[in-house]
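Please open the model in your viewer and keep the selection panel at hand. The tour below goes from one selection to the next and says what is found at each stop.

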Amino acid sequence: MIAEGYLVGRIGSGTFVAEGITPGIGLRAAGTREASGRTEAAAPAGQDAPRAGDGAGGLIRFDTGVPDLERFPRRRWARYLKEAAEEAEGRYDYRDVRGEEGLRREIAAFLHRSRGMRCDPDRIMIVNGSSEGFALVARTLKPKFDSVCLEDPTIEITGHIFLQSGYRIEPVPVDESGMRVHEIGTLPPGRLLVLTPSHQYPTGSILPIQRRLHAVQLAEEADAYIVEDDYDGDFRLKGVPIPPLYTLGPERVIYAGTFSKTLAPGLRLGFLVLPRSLAGKFAAFKEAANLRTPAVLQAALARFIRDGHLERHIYRMRAVYRTRRALLIEALNRHFGGRAVIRGDEAGMHLLVEFPDLDAAPEWSRSAEYGVVVDSVEDYCLQRGFRTRQIVLGYGNIREEDIEPGIERLSRFVRERG
């Protein structure tokens with residue numbers, strides 16, 4: 001509740017109810033959330049395939065946005081894929097443009113168990129990854145909308161997709177509590193909002209309830225929509241996953257989910273949960289564009305989820321990422337002490353590090369000369385020059401034994417180039 005903004009902890013005083021939570025918008029929906037009754041159990045670890053690429057004596061990469069691909073259950077997935085292909089009667093023809101009904105039902109049930117979301121499978125649309133989902137949103141809504149408010153900083157692909165569809169991009173600054181939506185007075189006609197409220201990238205911040213309520217209210221007053229990107233909401237490493245913004249305004253929020261982080265990006269499987277008023281419009285556009293996701297892949301994933309393997313994999317990976325995050329923080333504290341400020345909530349597969357005492361920010365791309373590759377937060381900014389002393393470190397697809405030497409190399413780089 002502290003992470004969501006309902007409570008505020010004050011050192012020496014206690015824990016108090018936060019100010020600025022007004023009854024009304026979305027609270028009834030939030031109050032109907034039910035906790036999942038399913039108990040997650042860890043599955044036996046499979047055999048790890050040899051890891052290709054850098055590490056040890058080569059480059060150590062703190063890549064972001066990539067899960068641990070070694071631990072993807074290849075053999076189990078291959079078995080489900082084989083079964084789906086062999087039993088694919090009718091699946092080699094054109095199918096429902098919204099996606100396989102079985103997969104949409106399993107996703108709806110999974111979202112209820114894991115997020116407290118109640119959504120009809122008819123409002124779910126399967127897409128080839130979240131990028132296609134965003135492109136579908138941009139193109140379908142273009143006749144009515146022509147500009148979009150984006151978090152700044154944010155992942156660059158989102159801006160590229162909307163720009164290519166002819167939208168104007170309006171950056172809104174992000175602070176330690178997510179997008180500063182409270183600074184948006186009103187939404188003019190024709191404007192969308194794109195938010196990552198459960199774990200903002202790259203800052204790692206969580207949008208508190210006050211800003212969530214304000215965002216939904218803005219959308220309702222402007223007859224507009226919020227696109228909610230929940231790219232890694234399954235990997236909250238402390239407590240339970242943050243309830244999606246969708247639960248506060250299901251008729252104003254287009255919820256975008258993906259299996260790229262929970263399983264593997266190469267599957268190219270994602271989904272949208274649409275407001276009821278938009279479901280038919282999106283299906284008609286997708287049909288006219290002849291956009292479809294392979295039915296056999298969908299059938300395999302439906303069975304994979306139905307048999308509990310998705311949740312077992314998520315449970316197992318939370319433990320892996322929690323360990324790596326702890327090792328990374330220990331290494332940062334050991335090599336930098338108070339010179340490195342770690343930001344972002346305990347979730348996902350990355351953290352943000354700031355070096356506020358540097359006289360001048362180094363050219364972060366040159367860290368490769370010291371054997372380590374990191375991302376500058378500045379590379380994700382629409383308005384440049386404000387985050388030059390910040391980097392983002394991914395720990396999803398790095399070996400644990402590479403974390404310590406990687407941070408040691410980063411320390412030498414900062415010491416000699418900073």
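**First stop: around His 350**

Select His 350 in this predicted model and display its surroundings: apart from neighbours within four places in sequence, His 350 is in contact with Thr 64, His 199, Gln 200, Tyr 201, Pro 202, Gly 204, Tyr 231, Arg 325, Val 392, Leu 393, Gly 394 and Tyr 395. The residue belongs to strand β13, which covers residues 350–354. His 350 counts as buried because its relative accessibility is 3%, with the cut-off for that class set at under 20%. Now add Pro 202 with its backbone shown, where the backbone oxygen lies 3.2 Å from a polar atom of the His 350 side chain.

**Second stop: the nonpolar cores**

Next, select Leu 141, Phe 282, Leu 393 and Leu 410, which are the residues with the most contacts inside the largest nonpolar core, a set of 106 residues. Helix α9, residues 309–336, supplies the largest share of this core, namely nine residues. If you centre the view on Leu 141 and again set aside neighbours within four places in sequence, the residues in contact with Leu 141 are Tyr 167, Leu 192, Tyr 225, Ile 254, Leu 278 and Phe 282. A second core, separate from the one just visited, has seven residues, among them Tyr 201, Tyr 231, Tyr 380 and Val 392; of these, Tyr 201, Tyr 231 and Val 392 will be familiar from the contacts of His 350.

**Third stop: Glu 330 on helix α9**

Return to helix α9 and pick Glu 330, which is found there. Is Glu 330 buried or exposed, or does it fall in between? Its relative accessibility is 43%, so Glu 330 counts as partly exposed, a class that lies between the 20% and 50% cut-offs. Add Ile 403 to the selection and draw a C-alpha to C-alpha distance: the two residues are 9.8 Å apart in space, although 73 residues apart in sequence.

**Fourth stop: helices α3 and α8**

Select residues 101–115 for α3 and residues 295–306 for α8, two helices that pack at an angle of about 35° with their axes 8 Å apart, in a left-handed crossing. On the α3 side, show Gly 102, Leu 103, Glu 106, Ile 107, Phe 110 and Arg 113, which meet Gln 298, Leu 301, Ala 302, Ile 305 and Arg 306 of α8. Sorted by class, this contact has six nonpolar, two polar and three charged residues.

**Last stop: the whole chain**

Finally, clear the selection and view the whole chain, whose secondary structure comes to 10 helices and 16 strands. Of its 418 residues, 53% count as buried.

Note on methods
Residues are numbered from 1 along each chain as its sequence is written. This is a predicted model: local features need pLDDT of at least 70, side-chain atom pairs count only at pLDDT 80 or more; totals for chains, interfaces and linings use all residues. Side-chain values use heavy atoms; hydrogens and water are left out. Axes are lines fitted to C-alpha atoms, for helices over the stretch in contact, and angles run from 0 to 180 degrees between N-to-C directions. Helices (H or I, at least four residues) and strands (E, at least two) are DSSP runs, numbered from the N terminus. A crossing is left-handed if the near helix is turned anticlockwise from the far one by less than a right angle, and right-handed if clockwise. Contact means heavy atoms within 4.5 Å. Ala, Val, Leu, Ile, Met, Phe, Trp, Tyr, Cys and Pro count as nonpolar, Asp, Glu, Lys and Arg as charged, and the others, Gly among them, as polar. Buried means under 20% relative accessible area, exposed over 50%, partly exposed in between (1.4 Å probe, protein chains only). A polar contact is a pair of N or O atoms within 3.5 Å; within protein, one must be able to donate a hydrogen and the other to accept it, and residues adjacent in sequence count only if both atoms are side-chain atoms. A nonpolar core is a set of buried Ala, Val, Leu, Ile, Met, Phe, Trp, Tyr and Cys residues joined through side-chain atoms within 4.5 Å.
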